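This report describes the sheet, the helices and selected residues of one protein chain. The sequence and structure are shown first.

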Amino acid sequence: MLEVITYPNPLLRQVSKPVEVFDEELHALLDGMYDAMLTKNGVGISAIQVAKPIRALLVCIPDEEGNQHKKDLLEVINPQILEKDGQIFFNEGCLSVPEFYEEVKRASSIKISYQDRYGNPKEILAQDFLAVALQHEIDHLNGVLFIDKLSIIKRKKFEKALKQKQKA
């Protein structure tokens, strides 16, 4: 099982490198990331969160009953945001910032280009929850965490909670 690294691990601030080889090693990593994401009850995970600084991420939005299905899994390699539109406030959490949730402002609709696990080019227009999840994970590839998007007051609240948790 892949280990999910947590804040303040400096790796989380690293900008991930583009994927150039689409081989069995990449496929094994993606499969391991999927297992780690489900084990931690996440809806998304990026490779850097398992200490692999490559531009790869997964998102699997649950259905109405809260169940995740492999058929709904998006494997996104080398994503590029082509368009952003609208805005949405969404209560976000993060596998690398456990037990902390806060409202973040994001684009409500995005269009991205990416590659699948075999290197095939793809595009997707994502809205609402899926758009938020993709932006959150793409931020990880650029060394950005959702806590970086918080107001100064909310950021101080987070830092205080983190210090209390570390003491306990």
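## Backbone, sheet and selected side chains

Asn41 is located in the loop that connects H1 and E1. The model under discussion is predicted. Although Asn41 is not a glycine, its phi is positive, at about 60 degrees. With a relative accessibility of 68%, Asn41 counts as exposed.

A positive phi also occurs at Asn78, a residue other than glycine, where the value is near 50 degrees. Asn78 belongs to strand E3, and its relative accessibility of 15% places it among buried residues. A further backbone feature is the cis peptide bond from Tyr7 to Pro8, with omega near 10 degrees. Pro8 is part of the segment before H1.

The sheet is considered next. Five strands form an open sheet in the order E1-E2-E3-E6-E7, and their pairing is antiparallel. Its edges are strand E1 (44-46) and strand E7 (121-127), each of which pairs on one side only. On average, and with direction ignored, neighbouring strands of this sheet are turned by 35 degrees against each other.

The table lists three of the strand pairings.

| Strand pair | Sense | Bridges |
|---|---|---|
| E2 and E3 | antiparallel | four bridges |
| E3 and E6 | antiparallel | six bridges |
| E6 and E7 | antiparallel | seven bridges |

Individual residues mark the register of these pairings. Val59 stands opposite Leu74 in E3, Lys84 is opposite Ile110 in E6, and Ser113 faces Glu123 in E7.

Two helices lie across strands of the sheet. Helix H1 (residues 24-39) lies across E1, strand E2 (56-59) and strand E3 (74-85), and runs at about 40 degrees to E2. Helix H2 (residues 128-141) lies across E1, E2, E3, E6 and E7, with an angle of about 155 degrees to E2.

Which residues make polar contacts with the side chain of Arg106? One such contact, of 2.7 Å, is with the side chain of Glu92. Another, also given as 2.7 Å, joins the side chains of Arg106 and Asp139. Arg106 itself lies in strand E5 (residues 97-106). Because its relative accessible area is 6%, under the 20% limit, Arg106 counts as buried. Leaving aside residues up to four places away in sequence, Arg106 touches residues including Gly86, Gln87, Ile88, Val132, Gln135, His136 and Lys149. Phe146 is also one of the residues that Arg106 touches.

Phe146 appears again among the aromatic residues: ring pairs link Tyr7, Phe100, Phe146 and Phe158 into a cluster. The count of aromatic pairs in the structure is four. Tyr7 is also the residue that precedes the cis bond to Pro8.

The cysteines remain to be described. A disulfide is a covalent bond between the sulfur atoms of two cysteines. The structure holds zero disulfides. Why is Cys60 without such a bond? The closest cysteine sulfur to that of Cys60 is in Cys94, at 17 Å, and is therefore too far for a bond. Cys94 is likewise in no disulfide, the nearest cysteine sulfur being that of Cys60. Cys60 is buried, with a relative accessible area of 0%, and Cys94 is also buried, at 10%.

Notes
Residues are numbered from 1 along each chain as its sequence is written. This is a predicted model: local features need pLDDT of at least 70, side-chain atom pairs count only at pLDDT 80 or more; totals for chains, interfaces and linings use all residues. Side-chain values use heavy atoms; hydrogens and water are left out. Buried means under 20% relative accessible area, exposed over 50%, partly exposed in between (1.4 Å probe, protein chains only). A polar contact is a pair of N or O atoms within 3.5 Å; within protein, one must be able to donate a hydrogen and the other to accept it, and residues adjacent in sequence count only if both atoms are side-chain atoms. Contact means heavy atoms within 4.5 Å. Rings of Phe, Tyr and Trp (its six-membered ring) pair if their centres lie within 6.5 Å; planes under 30 degrees apart count as stacked, over 60 as edge-to-face and the rest as tilted. A disulfide is a pair of cysteine sulfur atoms within 2.5 Å. Two strands pair if DSSP finds at least two bridges between them. Axes are lines fitted to C-alpha atoms, for helices over the stretch in contact, and angles run from 0 to 180 degrees between N-to-C directions.
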